[in-house]
Amino acid sequence: MHRIYLDNNATTPVLPEVLEAMRPYFGEHFGNASSIHHHGQETRAAVERARDSVASLLGCRAAEVVFTSGGTEGDNLAIAGLTIAGDHIITSTIEHHAVLLSCKHLEESCEVTYVPVDSRGVVDPDDVRRALRPNTKLISIMMANNETGVLQPGEEIGKIARDADVCFHTDAVQAAGKVPIDVNHIGCDALSISGHKMHAPQGVGALYLRKGTRLEPLFYGGRHERSRRAGTENVPGIVALGKAAELAMQGFQRGDDKRMSALRDRLQQGILAQVEDATVNGTGAPRVPNTSNIYFDHIEGESMVISLDLKGLAVSTGAACSSGAIEPSHVLTAMGLRPDQARASIRFSLGKQNTPEDIDIALALVPETVARLRELSPAYRKQTVNS
Ligand code: PLP
(Lines give C-alpha, C1' and ligand atoms only; values in the text may rest on other atoms or scores of the structure.)
Protein backbone atom coordinates (compact mmCIF):
# COMPACT_ATOMS: atom_id res chain seq x y z
CA MET A 1 0.00 0.00 0.00
CA HIS A 2 1.26 3.50 -0.86
CA ARG A 3 1.36 5.34 2.46
CA ILE A 4 1.00 9.10 2.75
CA TYR A 5 2.21 10.84 5.85
CA LEU A 6 0.43 14.06 6.78
CA ASP A 7 1.37 14.07 10.48
CA ASN A 8 4.57 16.10 10.28
CA ASN A 9 3.74 18.13 13.40
CA ALA A 10 4.10 14.89 15.36
CA THR A 11 7.45 14.13 13.78
CA THR A 12 9.10 14.49 10.37
CA PRO A 13 11.09 11.95 8.38
CA VAL A 14 14.85 12.55 8.46
CA LEU A 15 15.84 13.99 5.07
CA PRO A 16 18.41 11.93 3.09
CA GLU A 17 20.95 14.80 3.16
CA VAL A 18 20.58 14.99 6.95
CA LEU A 19 21.10 11.24 7.33
CA GLU A 20 24.21 11.44 5.12
CA ALA A 21 25.62 14.31 7.17
CA MET A 22 25.20 12.51 10.50
CA ARG A 23 26.22 9.00 9.39
CA PRO A 24 30.04 9.43 9.79
CA TYR A 25 29.51 10.46 13.42
CA PHE A 26 28.22 6.99 14.21
CA GLY A 27 31.36 5.49 12.65
CA GLU A 28 34.77 6.91 11.93
CA HIS A 29 34.15 10.25 13.72
CA PHE A 30 33.29 8.88 17.14
CA GLY A 31 35.32 11.16 19.43
CA ASN A 32 34.03 12.85 22.55
CA ALA A 33 33.79 16.53 21.63
CA SER A 34 35.43 17.42 24.97
CA SER A 35 38.59 15.36 24.30
CA ILE A 36 41.65 17.34 23.27
CA HIS A 37 43.11 14.74 20.90
CA HIS A 38 42.43 14.45 17.17
CA HIS A 39 39.21 12.45 17.60
CA GLY A 40 37.74 15.00 19.98
CA GLN A 41 38.81 17.96 17.86
CA GLU A 42 37.13 16.45 14.84
CA THR A 43 33.78 16.12 16.58
CA ARG A 44 34.18 19.46 18.39
CA ALA A 45 34.61 21.15 15.00
CA ALA A 46 31.47 19.42 13.71
CA VAL A 47 29.47 20.53 16.78
CA GLU A 48 30.64 24.12 16.34
CA ARG A 49 29.79 24.08 12.61
CA ALA A 50 26.30 22.89 13.53
CA ARG A 51 26.05 25.64 16.16
CA ASP A 52 26.88 28.22 13.48
CA SER A 53 24.13 26.82 11.24
CA VAL A 54 21.52 26.85 14.00
CA ALA A 55 22.60 30.39 14.94
CA SER A 56 22.11 31.49 11.30
CA LEU A 57 18.65 29.94 11.25
CA LEU A 58 17.67 31.87 14.39
CA GLY A 59 19.54 35.11 13.66
CA CYS A 60 21.67 34.88 16.80
CA ARG A 61 25.31 34.36 17.77
CA ALA A 62 26.72 30.85 17.93
CA ALA A 63 27.56 31.27 21.62
CA GLU A 64 23.86 31.85 22.32
CA VAL A 65 22.88 28.34 21.11
CA VAL A 66 22.64 25.59 23.74
CA PHE A 67 22.13 22.08 22.37
CA THR A 68 19.50 20.04 24.19
CA SER A 69 17.74 16.70 23.83
CA GLY A 70 14.72 18.34 22.17
CA GLY A 71 11.84 20.73 22.61
CA THR A 72 10.69 19.41 25.98
CA GLU A 73 14.11 19.94 27.51
CA GLY A 74 14.48 23.40 25.97
CA ASP A 75 11.09 24.46 27.35
CA ASN A 76 11.80 23.01 30.81
CA LEU A 77 15.27 24.54 30.90
CA ALA A 78 14.00 28.00 29.98
CA ILE A 79 11.07 27.97 32.39
CA ALA A 80 12.80 26.44 35.40
CA GLY A 81 16.16 28.01 34.62
CA LEU A 82 14.98 31.60 34.26
CA THR A 83 12.80 31.75 37.38
CA ILE A 84 13.23 31.39 41.12
CA ALA A 85 10.79 30.90 44.00
CA GLY A 86 8.50 33.87 44.44
CA ASP A 87 8.54 34.88 40.77
CA HIS A 88 5.43 35.39 38.65
CA ILE A 89 5.21 33.73 35.22
CA ILE A 90 2.84 34.57 32.37
CA THR A 91 2.01 31.86 29.85
CA SER A 92 -1.01 30.94 27.72
CA THR A 93 -3.69 28.27 27.87
CA ILE A 94 -2.69 26.79 24.48
CA GLU A 95 0.95 25.98 25.19
CA HIS A 96 2.38 22.52 24.64
CA HIS A 97 2.42 20.39 27.76
CA ALA A 98 6.20 20.84 27.93
CA VAL A 99 5.48 24.46 28.89
CA LEU A 100 2.13 24.04 30.64
CA LEU A 101 3.27 21.26 32.95
CA SER A 102 6.62 22.98 33.64
CA CYS A 103 4.61 25.99 34.80
CA LYS A 104 2.18 23.82 36.73
CA HIS A 105 5.10 22.19 38.52
CA LEU A 106 6.49 25.61 39.45
CA GLU A 107 3.14 26.66 40.94
CA GLU A 108 4.48 25.15 44.18
CA SER A 109 6.85 28.11 44.50
CA CYS A 110 5.82 30.64 41.85
CA GLU A 111 2.59 32.33 40.72
CA VAL A 112 1.48 31.58 37.18
CA THR A 113 -1.06 33.46 35.02
CA TYR A 114 -2.48 31.61 32.02
CA VAL A 115 -3.73 34.17 29.47
CA PRO A 116 -6.61 33.04 27.22
CA VAL A 117 -6.84 33.00 23.42
CA ASP A 118 -9.62 34.24 21.14
CA SER A 119 -11.72 31.98 18.92
CA ARG A 120 -8.93 32.00 16.29
CA GLY A 121 -6.46 30.70 18.87
CA VAL A 122 -4.51 33.96 19.19
CA VAL A 123 -3.23 35.52 22.42
CA ASP A 124 -4.10 39.22 22.87
CA PRO A 125 -0.87 41.08 23.74
CA ASP A 126 -2.95 43.44 25.90
CA ASP A 127 -3.90 40.47 28.09
CA VAL A 128 -0.18 39.81 28.54
CA ARG A 129 0.44 43.47 29.42
CA ARG A 130 -2.45 43.49 31.89
CA ALA A 131 -1.14 40.32 33.54
CA LEU A 132 2.23 41.91 34.40
CA ARG A 133 2.99 42.25 38.11
CA PRO A 134 5.94 43.76 39.94
CA ASN A 135 7.37 40.26 40.47
CA THR A 136 6.79 39.00 36.88
CA LYS A 137 10.03 37.37 35.80
CA LEU A 138 9.12 35.41 32.69
CA ILE A 139 6.63 35.44 29.82
CA SER A 140 6.48 32.14 27.90
CA ILE A 141 4.20 32.27 24.85
CA MET A 142 4.66 29.91 21.93
CA MET A 143 5.47 31.06 18.42
CA ALA A 144 3.26 28.56 16.55
CA ASN A 145 0.72 26.17 17.98
CA ASN A 146 1.31 22.47 17.33
CA GLU A 147 -2.38 21.61 16.83
CA THR A 148 -3.64 24.52 14.74
CA GLY A 149 -0.42 26.02 13.37
CA VAL A 150 -1.65 29.45 14.52
CA LEU A 151 1.16 31.99 14.88
CA GLN A 152 1.21 34.22 17.95
CA PRO A 153 2.04 37.96 18.01
CA GLY A 154 5.60 37.32 19.22
CA GLU A 155 7.05 40.69 18.30
CA GLU A 156 4.37 42.59 20.23
CA ILE A 157 4.83 40.33 23.23
CA GLY A 158 8.60 40.75 22.93
CA LYS A 159 8.17 44.52 23.10
CA ILE A 160 5.93 44.26 26.17
CA ALA A 161 8.53 42.05 27.85
CA ARG A 162 11.38 44.42 26.98
CA ASP A 163 9.49 47.49 28.21
CA ALA A 164 8.71 45.71 31.48
CA ASP A 165 12.25 44.30 31.80
CA VAL A 166 10.86 40.75 31.92
CA CYS A 167 12.40 37.67 30.22
CA PHE A 168 10.53 36.37 27.19
CA HIS A 169 10.77 32.71 26.18
CA THR A 170 9.02 31.38 23.10
CA ASP A 171 8.49 27.75 22.16
CA ALA A 172 9.33 27.82 18.44
CA VAL A 173 9.31 24.03 18.03
CA GLN A 174 6.50 24.18 15.45
CA ALA A 175 7.79 27.33 13.76
CA ALA A 176 11.45 26.48 13.12
CA GLY A 177 12.06 25.55 9.50
CA LYS A 178 8.50 26.54 8.55
CA VAL A 179 8.70 30.32 8.91
CA PRO A 180 11.83 32.49 9.10
CA ILE A 181 12.88 33.25 12.68
CA ASP A 182 14.90 36.20 13.90
CA VAL A 183 15.31 36.33 17.66
CA ASN A 184 16.10 40.05 17.55
CA HIS A 185 12.94 40.77 15.60
CA ILE A 186 10.93 38.80 18.10
CA GLY A 187 12.85 40.35 20.95
CA CYS A 188 12.96 37.11 22.93
CA ASP A 189 15.58 36.10 25.48
CA ALA A 190 15.08 32.36 25.01
CA LEU A 191 13.60 30.25 22.21
CA SER A 192 13.34 26.47 21.95
CA ILE A 193 13.48 24.32 18.82
CA SER A 194 13.39 20.57 18.24
CA GLY A 195 15.22 18.57 15.56
CA HIS A 196 12.52 16.04 14.80
CA LYS A 197 9.98 18.67 13.79
CA MET A 198 12.32 19.93 11.07
CA HIS A 199 13.59 16.74 9.41
CA ALA A 200 16.44 15.98 11.85
CA PRO A 201 16.14 12.96 14.18
CA GLN A 202 14.26 12.67 17.46
CA GLY A 203 16.19 13.45 20.65
CA VAL A 204 18.04 16.61 19.70
CA GLY A 205 17.13 20.28 19.89
CA ALA A 206 18.44 23.67 20.86
CA LEU A 207 17.66 26.54 23.19
CA TYR A 208 18.61 30.04 22.12
CA LEU A 209 19.64 32.00 25.19
CA ARG A 210 20.37 35.72 24.79
CA LYS A 211 23.88 36.73 25.84
CA GLY A 212 23.90 37.93 29.44
CA THR A 213 20.71 36.04 30.42
CA ARG A 214 21.28 34.27 33.73
CA LEU A 215 20.14 30.65 33.63
CA GLU A 216 20.15 28.03 36.35
CA PRO A 217 20.88 24.71 34.62
CA LEU A 218 18.65 21.67 34.93
CA PHE A 219 21.54 19.20 34.93
CA TYR A 220 24.73 19.26 36.93
CA GLY A 221 27.87 17.57 35.65
CA GLY A 222 30.56 18.55 33.15
CA ARG A 223 30.94 22.08 31.86
CA HIS A 224 29.42 21.29 28.49
CA GLU A 225 27.56 23.97 26.55
CA ARG A 226 29.27 26.68 28.67
CA SER A 227 27.87 25.13 31.84
CA ARG A 228 24.31 25.67 30.64
CA ARG A 229 23.63 22.00 29.83
CA ALA A 230 25.84 19.30 31.31
CA GLY A 231 26.18 16.01 29.45
CA THR A 232 28.33 14.67 26.62
CA GLU A 233 27.03 16.11 23.38
CA ASN A 234 24.87 14.00 21.07
CA VAL A 235 27.25 14.64 18.18
CA PRO A 236 25.37 12.80 15.38
CA GLY A 237 22.11 14.46 16.43
CA ILE A 238 23.71 17.91 16.65
CA VAL A 239 25.34 17.50 13.22
CA ALA A 240 21.93 16.47 11.86
CA LEU A 241 20.24 19.50 13.43
CA GLY A 242 22.88 21.76 11.87
CA LYS A 243 22.29 20.20 8.44
CA ALA A 244 18.51 20.48 8.84
CA ALA A 245 18.95 24.17 9.74
CA GLU A 246 21.03 24.72 6.58
CA LEU A 247 18.43 22.96 4.44
CA ALA A 248 15.66 25.01 6.03
CA MET A 249 17.45 28.24 5.17
CA GLN A 250 18.05 27.10 1.58
CA GLY A 251 14.38 26.14 1.44
CA PHE A 252 13.28 29.67 2.41
CA GLN A 253 15.47 31.07 -0.37
CA ARG A 254 13.87 28.69 -2.88
CA GLY A 255 10.38 29.54 -1.64
CA ASP A 256 9.65 26.09 -0.17
CA ASP A 257 7.39 27.72 2.42
CA LYS A 258 5.22 29.21 -0.35
CA ARG A 259 5.08 25.84 -2.13
CA MET A 260 4.08 24.23 1.15
CA SER A 261 1.29 26.71 1.89
CA ALA A 262 -0.01 26.31 -1.67
CA LEU A 263 -0.23 22.54 -1.15
CA ARG A 264 -1.82 22.96 2.27
CA ASP A 265 -4.34 25.46 0.92
CA ARG A 266 -5.26 23.12 -1.94
CA LEU A 267 -5.84 20.32 0.55
CA GLN A 268 -7.89 22.53 2.84
CA GLN A 269 -9.97 24.14 0.08
CA GLY A 270 -10.51 20.79 -1.59
CA ILE A 271 -11.81 19.28 1.64
CA LEU A 272 -14.07 22.24 2.40
CA ALA A 273 -15.44 22.17 -1.17
CA GLN A 274 -16.32 18.47 -0.96
CA VAL A 275 -17.35 18.06 2.67
CA GLU A 276 -20.33 19.83 4.18
CA ASP A 277 -20.25 20.99 7.78
CA ALA A 278 -16.49 21.26 8.01
CA THR A 279 -14.57 24.32 9.24
CA VAL A 280 -10.94 25.19 9.72
CA ASN A 281 -9.90 25.75 13.33
CA GLY A 282 -7.92 28.98 13.46
CA THR A 283 -9.63 30.58 10.44
CA GLY A 284 -8.61 34.21 10.09
CA ALA A 285 -5.37 33.87 12.06
CA PRO A 286 -1.87 33.77 10.55
CA ARG A 287 -0.65 30.17 10.45
CA VAL A 288 2.51 28.24 9.64
CA PRO A 289 2.35 27.03 6.02
CA ASN A 290 2.06 23.30 6.70
CA THR A 291 -0.85 22.87 9.12
CA SER A 292 -4.60 22.66 8.73
CA ASN A 293 -6.82 21.59 11.60
CA ILE A 294 -10.36 20.85 10.45
CA TYR A 295 -13.53 20.24 12.43
CA PHE A 296 -15.86 17.72 10.77
CA ASP A 297 -19.29 17.91 12.36
CA HIS A 298 -20.49 14.56 13.74
CA ILE A 299 -17.41 12.46 13.24
CA GLU A 300 -15.35 10.82 15.94
CA GLY A 301 -11.75 11.96 15.43
CA GLU A 302 -10.19 8.69 16.57
CA SER A 303 -12.40 6.69 14.17
CA MET A 304 -11.43 9.01 11.34
CA VAL A 305 -7.71 8.61 12.08
CA ILE A 306 -8.06 4.82 12.17
CA SER A 307 -10.19 4.67 9.01
CA LEU A 308 -7.75 6.88 7.09
CA ASP A 309 -4.79 4.90 8.38
CA LEU A 310 -6.36 1.70 7.03
CA LYS A 311 -6.41 3.40 3.64
CA GLY A 312 -2.77 4.51 3.98
CA LEU A 313 -3.20 8.13 5.09
CA ALA A 314 -1.61 9.18 8.40
CA VAL A 315 -3.16 12.21 10.15
CA SER A 316 -3.87 12.95 13.79
CA THR A 317 -6.36 14.26 16.29
CA GLY A 318 -4.69 17.02 18.27
CA ALA A 319 -1.24 16.63 19.79
CA ALA A 320 0.75 13.45 19.32
CA CYS A 321 1.95 13.60 22.90
CA SER A 322 -1.61 13.15 24.15
CA SER A 323 -2.71 10.56 21.60
CA GLY A 324 -4.24 7.63 23.37
CA ALA A 325 -5.80 10.06 25.84
CA ILE A 326 -9.51 10.58 25.44
CA GLU A 327 -9.66 14.15 26.76
CA PRO A 328 -10.53 16.74 24.13
CA SER A 329 -7.68 18.99 23.04
CA HIS A 330 -6.96 21.77 25.56
CA VAL A 331 -6.01 24.00 22.64
CA LEU A 332 -9.30 23.63 20.76
CA THR A 333 -11.43 23.94 23.89
CA ALA A 334 -9.46 27.09 24.85
CA MET A 335 -10.54 28.47 21.44
CA GLY A 336 -14.16 27.89 22.43
CA LEU A 337 -14.91 24.56 20.73
CA ARG A 338 -17.20 22.23 22.65
CA PRO A 339 -15.53 18.97 23.74
CA ASP A 340 -17.43 17.03 21.03
CA GLN A 341 -16.27 19.53 18.39
CA ALA A 342 -12.69 19.28 19.59
CA ARG A 343 -12.91 15.47 19.39
CA ALA A 344 -14.25 15.80 15.84
CA SER A 345 -11.22 17.79 14.67
CA ILE A 346 -8.40 16.39 12.57
CA ARG A 347 -4.92 17.80 12.09
CA PHE A 348 -3.31 17.57 8.67
CA SER A 349 0.36 18.61 8.73
CA LEU A 350 2.62 18.55 5.69
CA GLY A 351 6.38 18.08 5.42
CA LYS A 352 9.06 18.72 2.83
CA GLN A 353 8.62 15.18 1.46
CA ASN A 354 4.95 15.64 0.51
CA THR A 355 4.07 15.95 -3.17
CA PRO A 356 1.05 17.27 -5.08
CA GLU A 357 0.09 13.61 -5.69
CA ASP A 358 -0.10 13.05 -1.92
CA ILE A 359 -2.62 15.88 -1.74
CA ASP A 360 -4.65 14.41 -4.64
CA ILE A 361 -4.87 11.08 -2.83
CA ALA A 362 -5.79 12.74 0.48
CA LEU A 363 -8.49 14.70 -1.34
CA ALA A 364 -9.95 11.46 -2.61
CA LEU A 365 -9.78 9.66 0.76
CA VAL A 366 -10.96 12.28 3.24
CA PRO A 367 -14.43 13.11 1.81
CA GLU A 368 -15.39 9.45 1.30
CA THR A 369 -14.23 8.58 4.82
CA VAL A 370 -16.18 11.45 6.40
CA ALA A 371 -19.27 10.42 4.40
CA ARG A 372 -18.99 6.80 5.55
CA LEU A 373 -18.50 7.74 9.21
CA ARG A 374 -21.45 10.10 9.06
CA GLU A 375 -23.63 7.41 7.53
CA LEU A 376 -22.96 5.43 10.70
CA SER A 377 -23.94 8.38 12.88
CA PRO A 378 -27.68 8.36 13.69
CA ALA A 379 -27.35 11.87 15.16
CA TYR A 380 -25.93 13.25 11.89
CA ARG A 381 -28.63 11.55 9.80
CA LYS A 382 -31.33 12.95 12.07
CA GLN A 383 -29.83 16.43 11.82
CA THR A 384 -29.66 16.37 8.00
CA VAL A 385 -33.21 15.01 7.68
CA ASN A 386 -34.53 17.79 9.95
CA SER A 387 -32.66 20.63 8.25
N1 PLP B 1 6.65 22.22 21.93
C2 PLP B 1 5.81 22.02 20.90
C3 PLP B 1 5.01 23.15 20.38
C4 PLP B 1 5.70 20.75 20.33
O5 PLP B 1 4.87 20.55 19.32
C6 PLP B 1 6.47 19.69 20.87
C7 PLP B 1 6.31 18.32 20.36
O8 PLP B 1 5.25 17.93 19.89
C9 PLP B 1 7.34 19.96 21.93
C10 PLP B 1 7.40 21.24 22.43
C11 PLP B 1 8.21 18.90 22.51
O12 PLP B 1 9.32 18.67 21.67
P13 PLP B 1 10.13 17.29 21.75
O14 PLP B 1 9.25 16.24 21.16
O15 PLP B 1 11.36 17.54 20.93
O16 PLP B 1 10.45 17.06 23.17
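This report describes helix packing, nonpolar cores and a few single residues in a predicted model.

**Helices α3 and α4**

Helix α3 spans residues 71–81 and is mostly covered, with eight of its 11 residues buried. Those buried residues are G71, E73, G74, D75, L77, A78, I79 and G81. They pack against one helix element, α4 (97–106), and against a set of strands: β2 (65–68), β5 (136–140), β6 (167–171), β7 (190–194) and β8 (205–209).

Helix α4 has its own buried residues, namely A98, V99, L100, S102, C103 and L106. The cover over these residues includes α3, the strands β3 (88–92), β4 (111–115), β5 and β6, and also α11 (330–334). Strands β5 and β6 thus appear in the surroundings of α3 and in those of α4.

**Helices α2 and α8**

Helix α2 (residues 38–58) packs with α8 at an angle of about 35°, and the two axes are 8 Å apart. Their crossing is left-handed. On the α2 side, the residues that take part are T43, A46, V47, A50, S53, V54, S56 and L57. On the α8 side they are V235, I238, V239, L241, G242, A245, E246, A248, M249 and F252. Sorted by class, this contact has 13 nonpolar, four polar and one charged residues.

A248 is one of the α8 residues that meet α2. Is A248 buried or exposed? With a relative accessible area of 3%, A248 is buried, because the cut-off for burial is under 20%. Leaving aside neighbours within four places in sequence, A248 is in contact with L57, G177 and K352. Of these partners, L57 belongs to the α2 residues listed above. A248 and M335 are 87 residues apart in sequence, and their C-alpha atoms are 31 Å apart in space.

**Helices α9 and α13**

Another helix pair is formed by α9 (residues 256–274) and α13 (residues 356–375), which pack at an angle of about 20° with their axes 10 Å apart. Because of that angle, α9 is roughly parallel to α13. The helix α9 passes α13 in a right-handed crossing. From α9, the residues L263, R266, L267, G270, I271 and Q274 take part. They meet P356, I359, D360, A362, L363, V366 and P367 in α13. By class, nine nonpolar, two polar and two charged residues make up this contact.

R259 also lies in helix α9. With its sequence neighbours within four places left aside, R259 is in contact with K352 and N354. K352 is also a contact of A248. R259 and F30 are 229 residues apart in sequence and 38 Å apart in space, C-alpha to C-alpha.

**Nonpolar cores**

Which residues touch the most other members of the largest nonpolar core? They are L58, L191 and I193, in a core of 64 residues. Helix α8 (residues 235–254) gives the most to this core, with 10 residues. Beyond its neighbours within four places in sequence, L58 is in contact with I181, D182, V183, L191, I193 and Y208. Two of the partners of L58, L191 and I193, are thus themselves among the core residues just named. Apart from this core lies another, of 29 residues, among them F296, I299, V305 and L350.

**Two loop residues with positive phi**

R226 has a phi near 50°, a positive value in a residue other than glycine. R226 sits in the loop between β8 and α8. H298 likewise has a positive phi, of about 60°, although it is not a glycine. H298 is found in the loop between β10 (291–296) and α10 (301–310).

**Accessibility of four residues**

The table sets out relative accessibility for the single residues discussed above.

| Residue | Relative accessibility | Class |
|---|---|---|
| A248 | 3% | buried |
| H298 | 28% | partly exposed |
| R259 | 35% | partly exposed |
| R226 | 61% | exposed |

R226 counts as exposed because its 61% is over the 50% cut-off. H298, at 28%, is partly exposed, and R259, at 35%, also counts as partly exposed.

Technical notes. Residues numbered from 1 in each chain as written. Predicted model: local features only at pLDDT ≥ 70, side-chain atom pairs only at ≥ 80, totals over all residues. Heavy atoms only, no water. Buried < 20%, exposed > 50% of the residue type's maximum accessible area, 1.4 Å probe, protein only. Helix = DSSP H or I, 4+ residues; strand = E, 2+ residues; numbered from the N terminus. Contact = heavy atoms within 4.5 Å. Axes fitted to C-alpha atoms, helices over the stretch in contact; angles between N-to-C directions. Parallel < 35°, antiparallel > 145°, perpendicular 65-115°, else oblique. Left-handed = near helix turned anticlockwise from the far one by under 90°. Nonpolar A, V, L, I, M, F, W, Y, C, P; charged D, E, K, R; others polar. Core = buried A, V, L, I, M, F, W, Y, C linked by side-chain atoms within 4.5 Å.
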